[in-house]
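Me: Hi! Could you walk me through this structure with a few questions and answers?

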Amino acid sequence: MRPLLEVEDLRVRFDQLIAVDGVSLHLDRGETLGLVGESGSGKSTLGNAILGLVPVAEGRIRFQGEEITHAPPKRRRALGGHLQIVFQDPYGSLNPSRTIGYTISSPLRVRHRLDKREATERVTAALARVGLAADAMHRYPAEFSGGQRQRIAIARALVLEPELVICDEPTSALDLSVQAQILNLLLDLQEQLGLSYLFISHDIDVVRHVSHRVAVLRRGRVVEQGATRQVTEQPEHEYTQTLLAAVPVPDPHEQAARRGRRHELLPS
Ligand SMILES: Nc1ncnc2c1ncn2[C@@H]1O[C@H](COP(=O)(O)OP(=O)(O)OP(=O)(O)O)[C@@H](O)[C@H]1O
Ligand SMILES: [Mg+2]
């Protein structure tokens, strides 16, 4: 079967800067592709290009077999029912002056012209899916914790029942324990709904926890791509090895062993 998403030799330019420089990748249904790389490597730009938020200079994006690289605004809006995003900072992406119910239901009201009762039912179901009680719909973003706000952002992303969710550093602003809860929620939702994720993070430790496959991005290029175990246990590229060696390890022996490997593998 054809992949859900195919990206072919994609380039995105900002004036002189080539932020995405010939990236090819694909994503199957129900699969998570982790996209990892340091700050400025082009991860968000790639995600934004797939969503049509930044113009593509060269290459192609296909979704469910349809070329959407330069899809016109009307088609893009319709694609919003299939392709959604969860950002790092839910506080920035949730309107502080709107109730949670209003925010979650707005794509429904706009796209499906649901009446109030139907919209309330859908919002209640969306909140339940992310572990929040129905009365959350009457409250405002400021009344929730960071983790709860991220649950709300996930509920909003899922309310139109998309096939693909781009998660752009969805847990990077959260405390470790909350981070784990949100990652587990994303994994549960994937299992229940058959979702595909493009999971973007600078943290290879987080990426390996949730991804079936991993692509390593450096300066706009994929330097390595493959099954998670392959990439994280037998990395071929020096840059991947550097990312892995930077992961804090609680056990001092393992830490020493890793440092040793890193010194062995990297030319000094
Ligand atoms: N709208 C824009 N206009 C000009 N340059 C941009 C724009 N967006 C991103 N860039 C530049 O493109 C490069 C890639 O940025 P991008 O935000 O995609 O990186 P990233 O991997 O998501 O980084 P981070 O981990 O910090 O989120 C950077 O050099 C950035 O400064
Ligand atoms: Mg980014």
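Here are some questions about the ligand and the strands.

Reply: Happy to help! This is a predicted model, where local features need pLDDT of at least 70, side-chain atom pairs count only at pLDDT 80 or more, and totals for chains, interfaces and linings use all residues. Residues are numbered from 1 along each chain as its sequence is written, chains are lettered from A and ligands numbered from 1 in the order in which they are written, and side-chain values use heavy atoms, leaving out hydrogens and water.

Me: Which element gives the largest share of the shell around ligand 1?

Reply: A residue is near the ligand if one of its heavy atoms lies within 4 Å of it. Helices (H or I, at least four residues) and strands (E, at least two) are DSSP runs, numbered from the N terminus. β2 (17–27) and α1 (43–50) each supply at least two shell residues. The largest share, three residues, comes from α1.

Me: How far is a polar side-chain atom of Ser39 from an oxygen atom of ligand 1?

Reply: A polar contact is a pair of N or O atoms within 3.5 Å. For Lys43, a side-chain N or O atom is 2.8 Å from a ligand 1 oxygen. For Ser39, the distance is 2.5 Å.

Me: What is the bridge partner of Arg11 in β2?

Reply: Two strands pair if DSSP finds at least two bridges between them. Strand β1 (residues 5–14) and β2 run antiparallel, joined by eight bridges. In β2, the partner of Arg11 is Asp21.

Me: Which residue in β4 is the bridge partner of Glu8?

Reply: β1 also runs antiparallel to strand β4 (residues 58–63), with five bridges joining them. The partner of Glu8 in β4 is Arg60.

Technical notes: A polar contact is a pair of N or O atoms within 3.5 Å; within protein, one must be able to donate a hydrogen and the other to accept it, and residues adjacent in sequence count only if both atoms are side-chain atoms.
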